[in-house]
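Work through the exercises below with the coordinates loaded. Try each task before reading its solution.

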Amino acid sequence: MASPLEHYVNHVRAQSSQGNFRELVEYLVESNELVTKNGNILDNVLETLDIQQHSLGYLFVLAAKFYDSSVKNILRSVREFITSCNGEQVRHAPQVYYELCHHLTTALVKTKKHIIQGIHVLALAVEKIRLFNTQLTPIHADLCQLCLCAKLFNPAIRVLDIDIAAIATTDDNYSDTKYFLLYYYYGGMIYAAVKNYERALYFFEVAVSTPALAMSHIMLESYKKYILVSLILHGKVLPIPKYSSQVITRFMKPLSHAYHDLSAAYNSSSPDEVRNVVNKFRDTFQRDTNMGLVKQVVASLYKKNIQRLTKTFLTLSLADVASRVQLSGPAEAEKYILNMIKSGEIFATINQKDGMVVFKDDPEEYNDQEVFEMVQHQIGLVMGLNKQILKMDEEIKLNPVFVKKSFGNQEDDGIGCNSKAYSSDPTE
């Protein structure tokens with residue numbers, strides 16, 4: 001008589017060959033206890049399954065085996081599985097696939113080993129499971145987290161630069177929400193690290209303005225970083241979108257008073273006031289791991305004050321610049337001005353001989369080929385976005401649930417098909 005595990009393997013093979021993947025998933029879920037009880041012989045089970053042909057069965061066994069394996073061994077097993085598995089099969093059990101990647105990420109972050117190899121595995125895992133480039137999966141957040149740990153941002157940025165048009169969901173709404181928020185939180189941190197503040201602000205804004213009935217710690221941390229990035233980019237805190245949940249006003253603002261105090265000091269344009277707030281709440285900023293952004297906020301205030309000088313003076317000595325914006329001396333003023341010239345924030349020249357700065361107008365006339373190509377590229381993006389919106393609008397209108405609700409509302413208003421106004425009986 002065949003043992004339970006032998007029956008398990010035979011059933012996986014038979015159902016996979018027949019393409020009965022939904023029934024197979026139900027069987028695998030019911031047999032989970034059987035698999036976990038036999039953790040010591042799961043390697044033998046995996047050897048009897050083909051990764052490509054029996055991807056679902058292999059996935060469930062591998063997920064159960066994870067808890068009894070070292071990080072190095074599971075990394076190798078997961079990499080082999082994701083490289084060779086059948087994407088169509090594993091999409092019938094996406095939650096197990098996602099959980100496998102989540103566990104791998106947690107183990108790599110905890111041990112701080114093999115993170116770079118893990119990044120490549122998760123990048124491949126995203127490609128394998130998503131249906132199209134603009135679909136967001138829970139693994140996106142894992143990929144961003146590993147890139148932050150390794151300070152290797154390019155693999156994540158290649159994914160982050162693609163605007164999301166659809167979200168892959170599971171039966172676990174809490175998990176879906178968590179990894180959605182983490183994606184935008186980690187994404188904002190990565191963009192802030194590479195000083196793409198405009199994109200960082202957008203990501204933090206999405207995390208903060210996501211509909212919510214209760215406060216999320218991820219949303220709170222995103223809100224704090226939203227304030228800092230907004231100050232760096234715009235010199236003020238931009239208002240949160242009106243469609244944001246009231247939970248932001250009720251809970252997040254009182255829990256972020258240090259950041260609001262910093263914003264108020266920034267609005268005074270006084271570096272002394274800003275430094276006083278930074279010193280007062282230094283422990284808070286460090287505990288939130290936001291000290292790096294806070295320092296950039298301070299630096300942005302100096303830049304803002306220097307930009308204000310360009311609107312008033314044509315020439316100034318470096319000593320005068322340092323005095324007016326409260327820098328330590330001419331050397332620091334020169335450093336700031338050179339960096340601002342390099343980044344295109346101001347247009348000026350420095351006479352090293354007499355230490356004078358000459359402020360100039362923007363020399364760009366915006367009439368060359370490069371500008372034309374940039375405009376064409378932006379127009380193409382807008383046209384593509386318009387097509388995408390029209391497509392999504394059509395899909396919503398054809399959605400049976402939407403149609404049903406629409407007709408239900410019409411009937412409630414007395415203008416449905418059953419109302420007397422549209423009756424086919426002429427006597428009514």
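The exercises cover salt bridges, strands, surface patches and backbone angles.

**Ground rules.** The model is predicted: local features need pLDDT of at least 70, side-chain atom pairs count only at pLDDT 80 or more, and totals for chains, interfaces and linings use all residues. Residues are numbered from 1 along each chain as its sequence is written, and side-chain values use heavy atoms, leaving out hydrogens and water.

**Exercise 1. Two salt bridges within helices**

Task: Find where the salt bridge partners K37 and E33 sit, and say how far apart they are in helix 3.

Solution:
- Set the criterion. A salt bridge is a side-chain nitrogen of Lys or Arg within 4 Å of a carboxyl oxygen of Asp or Glu.
- Count. The structure holds nine salt bridges.
- Check the distance. The closest N and O atoms of K37 and E33 are 3.3 Å apart.
- Place the pair. Helices (H or I, at least four residues) and strands (E, at least two) are DSSP runs, numbered from the N terminus. K37 and E33 are four residues apart in helix 3 (residues 32-37), so about one helical turn separates them.
- Check exposure. Buried means under 20% relative accessible area, exposed over 50%, and partly exposed in between, with a 1.4 Å probe and protein chains only. Both K37 and E33 are exposed.
- Repeat for R275 and D272. Their closest N and O atoms are 2.3 Å apart. Both residues lie in helix 17, three residues apart, which is about one turn of the helix.
- Classify this pair. R275 is partly exposed at 29% relative accessibility, and D272 is partly exposed at 36%.

**Exercise 2. A salt bridge across the chain**

Task: Decide whether D288 is buried or exposed, and do the same for K224.

Solution:
- Start with the contact. The side chains of D288 and K224 meet in a salt bridge, 3.2 Å from N to O.
- Locate both ends. The pair links distant parts of the chain, 64 residues apart: D288 is in the loop between helix 18 (282-287) and helix 19 (291-310), and K224 is in helix 14 (residues 217-234).
- Apply the cut-off. D288 has a relative accessible area of 9%, so D288 is buried. K224 has 7%, so K224 is buried too.

**Exercise 3. Strand 5 and its partners**

Task: Which strands pair with strand 5, and which of its residues are on the covered face?

Solution:
- Set the criterion. Two strands pair if DSSP finds at least two bridges between them.
- Take strand 3 (residues 315-317). It pairs with strand 5 in the antiparallel sense over three bridges.
- Take strand 4 (residues 348-351). It also pairs with strand 5 in the antiparallel sense, over four bridges.
- Look at M356 in strand 5. S317 stands opposite M356, and N351 stands opposite M356 as well.
- Inspect the turn. The hairpin of strand 4 and strand 5 has four residues between the strands, and there G355 takes a positive phi near 70°.
- Split the faces. V357 and F359 are on the covered face, M356 and V358 on the uncovered one. In a regular strand the side chains alternate between the two faces of the sheet.

**Exercise 4. Two surface patches**

Task: Which residues form the negative patch, and which form the nonpolar patch?

Solution:
- Set the criterion. Patches are made of residues with over 30% relative accessible area and no salt bridge; like charges are joined within 9 Å, and nonpolar side chains (Val, Leu, Ile, Met, Phe, Trp, Tyr) within 5 Å.
- Fix the charges. Lys and Arg count as positive and Asp and Glu as negative, while His and the chain ends are not counted. The place of a charge is NZ of Lys, CZ of Arg, CG of Asp or CD of Glu.
- Fix the areas. They come from the Shrake-Rupley method with a 1.4 Å probe; for residues, only the protein chains shown count as cover.
- List the negative patch: D361, D362, E364, E365, D368, E370 and E373.
- Place one member. D361 is in the loop between strand 5 (356-359) and helix 22 (369-398). D361 is exposed, at 70% relative accessible area.
- List the nonpolar patch: M374, V375, I379 and M383, with about 360 Å² of accessible area together.
- Place two members. M374 is in helix 22 and is partly exposed at 45%. I379 is in helix 22 and is partly exposed at 40%.

**Exercise 5. Positive phi**

Task: Where does K195 lie, and where does S269 lie?

Solution:
- Take K195. Its phi is positive, about 65°, although K195 is not a glycine. K195 lies in the loop between helix 12 (173-193) and helix 13 (197-209), and is exposed at 53%.
- Take S269. Its phi is near 60°, a positive value in a residue other than glycine. S269 lies in the loop between helix 16 (257-267) and helix 17 (271-280).
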